[in-house]
Amino acid sequence: HYKFIQNQYFISSVGDSQPKNKIASALVNRIRQAISENSVFRVIILLPIHSEGALVDKTTCILVLWTMRTIHAMMKALKDEFPTANLDDYITFSSLRNWGVAGTHIFTEQVYVHSKLMIVDDRIAIIGSANINDRSLRGSRDSEIGCVIRDTDFIDSTMNGQPYKAGVFAHTLRMKL
């Protein structure tokens with residue numbers, strides 16, 4: 001059905017040797033399956049517009065570059081294999097912004113996504129500290145923790161227009177986001 005991902009970083013690989021983590025590759029493979037089967041499946045990824053820091057800082061620019069490389073590699077792999085598929089039906093990358101008015105001036109700023117969260121099919125929620133990057137996922141640098149919550153209490157819902165038993169926690173969490 002779907003995977004909803006909120007993460008501070010999205011630096012991963014689709015068949016390349018760097019980065020080492022294969023989160024992006026796993027998502028591409030699942031989307032390939034959905035396109036091949038002509039089934040409904042969606043990946044929604046919510047990221048900050050850019051990492052913390054000014055866009056003129058070298059580190060910030062490198063993180064933006066690697067994020068864009070990841071997104072481009074995913075989209076290119078899918079488009080090359082399925083040139084007529086509408087990829088917007090399968091994957092969406094989004095960011096959030098606030099806006100306000102001060103006198104006659106309108107201003108805007110990003111809502112900085114710092115969370116590390118995944119919700120799968122309104123039945124599983126993964127909440128933790130790991131970013132989607134090698135620093136968090138390789139296991140030899142930062143100490144990370146994650147919690148997998150598999151619902152055992154279900155409510156009546158719909159998924160893709162069909163009756164569906166959604167997990168109470170995962171569904172409620174997604175609806176409140």
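Colleague: What phi does Asn38 take, just after H1?
Modeller: This is a predicted model, where local features need pLDDT of at least 70, side-chain atom pairs count only at pLDDT 80 or more, and totals for chains, interfaces and linings use all residues. Residues are numbered from 1 along each chain as its sequence is written, and side-chain values use heavy atoms, leaving out hydrogens and water. Helices (H or I, at least four residues) and strands (E, at least two) are DSSP runs numbered from the N terminus. Right after H1, the phi of Asn38 is positive, about 55 degrees.

Colleague: How far apart are the end C-alpha atoms of H1?
Modeller: H1 covers residues 23–37, which is 15 residues. The expected span is 1.5 Å times one less than the number of residues, so 21 Å is expected here. The model agrees: the ends are apart by 21 Å.

Colleague: Which elements do the buried residues of H1 pack against?
Modeller: Buried means under 20% relative accessible area, exposed over 50%, partly exposed in between (1.4 Å probe, protein chains only). In H1 the buried set includes Leu27, Val28 and Ile31. Their packing partners (contact: heavy atoms within 4.5 Å) are E1, E2, H2 and E3.

Colleague: Which residue in E3 is the bridge partner of Ile44?
Modeller: The open sheet has 6 strands with mixed pairing (at least two DSSP bridges), and E3 is one of its edge strands. E2 and E3 run parallel over 4 bridges. Ile44 bridges to Thr92.

Colleague: At what angle does H4 run to E7?
Modeller: H4 lies across E1, E6, E7 and E8. Axes are lines fitted to C-alpha atoms, for helices over the stretch in contact, with angles from 0 to 180 degrees between N-to-C directions. Against E7, H4 runs at about 65 degrees.
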